[in-house]
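Take a moment with the sequence and the model below. The paragraphs that follow go from the overall fold to the sheets, and then to single residues.

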Amino acid sequence: MTLVKFNNGLKNTSANPFFSDVFDSLINDSFLSDKLIARVPAVNIAETENEFHVELAVPGLKKEDFKINLDKNVLSVAAEKKAENVEEGKKFSKREYSYNSFVRSFTLPESADQSKIEADYTDGILKLTVAKREEAKFQTREIAVK
């Protein structure tokens with residue numbers, strides 16, 4: 001999944017001198033702008049000889065907040081965290097982090113062993129390890145030249 005930040009193309013153009021860096025900053029920092037951006041965790045995906053590794057950056061959650069499911073060959077990670085109560089009398093001038101929900105789904109390759117999937121959550125990183133089927137592991141051998 002790719003996230004692309006919206007750019008309206010009006011910033012600092014001679015055709016629109018009214019739009020300055022300050023005005024652009026106000027638009028980008030607005031309440032509306034924050035709500036339009038999809039909030040999904042960043043992910044790293046890697047492969048080793050024996051396994052596939054999926055890491056999601058999801059700080060501020062507890063391991064109980066995650067729901068990880070496998071449906072056919074699609075591995076889905078979901079989490080939902082309710083907003084914490086705001087202290088009475090406290091007004092935020094800006095509140096950029098919030099607790100929402102997300103779902104990330106990954107299609108597993110045929111070489112994945114769906115019966116051997118593990119999850120670990122440490123220091124804000126959810127690590128999923130998917131073992132490879134034995135026949136799919138990297139096989140190295142020397143080829144003799146005739």
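**From fold to residues**

Two helices and seven strands make up the secondary structure of the protein chain. The model is a predicted one. Along the sequence, the elements follow the pattern α-α-β-β-β-β-β-β-β. The protein chain has 146 residues, and 22% of them are buried. Its exposed area is about 11,700 Å². Carbon and sulfur atoms supply 51% of that area. Now take the contacts in the protein chain with a separation of 6 or more: 54% of them join residues 24 or more positions apart.

The strands come next. One open sheet holds four strands, in the order 1-2-7-6. Its pairing is antiparallel. Which strands stand at the edges? They are strand 1, residues 43-47, and strand 6, residues 112-122. Each has a single partner strand, so one side of each is left without a neighbour in the sheet. On average, neighbouring strands here are turned by 15° against each other, direction ignored.

Stay with strand 6. Its partner is strand 7, residues 125-132, and the two run antiparallel. How many bridges join them? There are seven. Two pairs help to locate the register. Ala112 stands opposite Lys132 in strand 7. Thr122 has Ile125 of strand 7 as its bridge partner. The two strands form a hairpin, with two residues between them.

Asp123 lies in the loop between strand 6 and strand 7. Its phi is positive, about 50°, although Asp123 is not a glycine. Is Asp123 buried or exposed? Its relative accessibility is 77%, so Asp123 counts as exposed; the cut-off for that is over 50%.

The other sheet is open too. It has three strands in the order 3-4-5, again with antiparallel pairing. The edges belong to strand 3, residues 66-71, and strand 5, residues 101-107. Each of these pairs on one side only. Neighbouring strands in this sheet are turned by 15° against each other on average, direction ignored.

Between strand 3 and strand 4 is a loop, and Lys72 is found there. Lys72 has a positive phi, near 60°, and is a residue other than glycine. Lys72 is exposed, because its relative accessible area is 70%.

Move on to strand 4, residues 74-80. Strand 4 pairs with strand 5 in the antiparallel sense, over seven bridges. One of the bridged residues is Ala79, whose partner in strand 5 is Phe102.

Val77 also sits in strand 4. Is Val77 buried or exposed? The relative accessible area of Val77 is 0%, so Val77 is buried; the cut-off is under 20%. What surrounds Val77? Set aside its neighbours within four places in sequence, and the contacts are Phe66, Lys67, Ile68, Phe102, Val103, Arg104, Phe106, Leu126 and Leu128. Phe102 is thus a contact of Val77 and the bridge partner of Ala79. In sequence, Val77 and Phe102 are 25 residues apart. In space, their C-alpha atoms are 8.1 Å apart.

Note on methods
Residues are numbered from 1 along each chain as its sequence is written. This is a predicted model: local features need pLDDT of at least 70, side-chain atom pairs count only at pLDDT 80 or more; totals for chains, interfaces and linings use all residues. Side-chain values use heavy atoms; hydrogens and water are left out. Two strands pair if DSSP finds at least two bridges between them. Axes are lines fitted to C-alpha atoms, for helices over the stretch in contact, and angles run from 0 to 180 degrees between N-to-C directions. Buried means under 20% relative accessible area, exposed over 50%, partly exposed in between (1.4 Å probe, protein chains only). Contact means heavy atoms within 4.5 Å. Accessible areas come from the Shrake-Rupley method with a 1.4 Å probe; for residues, only the protein chains shown count as cover.
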